[in-house]
Amino acid sequence: MAFTKDTISNLLNQHPLLIDKAIEMIGDNQTADELGSKHTKYHNGIGFTASYGTIGTVLYQFVTGRDCKRPGHPVRWKPKSLVTDGDVLDRTRDMRRFKSRNPHYTQSTPREIAKMIAVLHWRQLGGLMDRSNWVQPPATATTQQPQTMLVRYTRVVRETERAVLLEKVDSEGIAWERWLPKSMIISDLGQGQLKIKRPA
């Protein structure tokens, strides 16, 4: 198979999980200070181009779980996939800012934006031609139950269409209030207890 821009584009269309790997490969080519600042400073022909330095770093952090602001870029979060979890990234401030500054991407999903960036940087993706570099889809992606936790509260202060404001009085008599999106509530166990999805 010849290594061309069309080959990479077709490969990403046929195997969407490779979009994550492509973003990781391009991000690995960024210098440490470029990742830390989310800006491309050096015209060295590798990594994200200056136009996509910021959003490319955001995508890189999403698929690798790395915290690029910390020295050594340690893995701080569970890596996510743009294919299965892209809707989470779509709600972030960084993605909204990118779309507002680039109106022609307003209707694009993070996965589509990442694929476009990968195809634009296709010369750095020769490693995708070797199947041993491919990622395997997570075995539990469709069967894994959401992790849950128990929330105790004293009373419901306020309820809207999308959320509830709960009050909890601690052992010292101090009242704490917390907004909880209704989308996180799995079941009401009664007696001031809710079973909710554990936040990511």
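This report covers two sheets and the salt bridges of a predicted model.

Local features were taken at pLDDT of at least 70 and side-chain atom pairs at pLDDT 80 or more, while totals for chains, interfaces and linings use all residues. Residues are numbered from 1 along each chain as its sequence is written, and side-chain values use heavy atoms, with hydrogens and water left out.

## Sheets

Helices (H or I, at least four residues) and strands (E, at least two) are DSSP runs, numbered from the N terminus. Two strands count as paired if DSSP finds at least two bridges between them. Strands of a sheet pair through backbone hydrogen bonds, either parallel or antiparallel.

One open sheet has three strands in the order E2-E3-E4, with antiparallel pairing. Its edge strands are E2 (155–159) and E4 (175–181), each of which pairs on one side only. Neighbouring strands of this sheet are turned by 25° against each other on average, direction ignored; the axes are lines fitted to C-alpha atoms, for helices over the stretch in contact, and angles run from 0 to 180 degrees between N-to-C directions. Strand E3 (residues 163–169) is joined to E4 by seven bridges, and the two run antiparallel. Val-169 stands opposite Ala-175 in E4.

A further open sheet consists of three strands in the order E1-E6-E5, again with antiparallel pairing. Strands E1 (148–152) and E5 (185–190) stand at the edges with a single partner strand each, so one side of each has no neighbour in the sheet. In this sheet, too, neighbouring strands are turned by 25° against each other on average, direction ignored.

E1 and E6 pair over five bridges in the antiparallel sense, and Thr-148 faces Lys-197 in E6. Four bridges join E5 to strand E6 (residues 193–197), also antiparallel. Along that pairing, Ile-185 has Ile-196 in E6 as its bridge partner, and Gly-190 stands opposite Gln-193 in E6. E5 and E6 form a hairpin with two residues between them, and Gln-191 in the turn has a positive phi of about 55°.

## Salt bridges

Side chains of opposite charge can pair when their charged atoms come close. A salt bridge is counted here when a side-chain nitrogen of Lys or Arg lies within 4 Å of a carboxyl oxygen of Asp or Glu. By this rule the count comes to nine salt bridges, among them the three in the table.

| Basic residue | Acidic residue | N to O distance |
|---|---|---|
| Lys-38 | Asp-94 | 3.3 Å |
| Arg-76 | Asp-67 | 2.8 Å |
| Arg-155 | Glu-167 | 2.9 Å |

The Arg-155 and Glu-167 pair links distant parts of the chain, with Arg-155 in strand E2 and Glu-167 in strand E3, twelve residues apart. For accessibility, buried means under 20% relative accessible area, exposed over 50%, and partly exposed in between (1.4 Å probe, protein chains only). Arg-155 is partly exposed at 41%, whereas Glu-167 is buried at 11%. Lys-38, Asp-94 and Arg-97 are joined into one network by salt bridges that share partners.

Within the salt bridge of Asp-94 and Lys-38, Asp-94 lies in helix H6 (residues 93–101) and Lys-38 in the loop between helix H3 (32–37) and helix H4 (53–64), so the pair ties together parts that are 56 residues apart in sequence. Asp-94 is partly exposed at 22% relative accessibility, and Lys-38 is buried at 16%.

In the pair of Arg-76 and Asp-67, Arg-76 is partly exposed, with a relative accessible area of 46%, while Asp-67 is buried at 6%.
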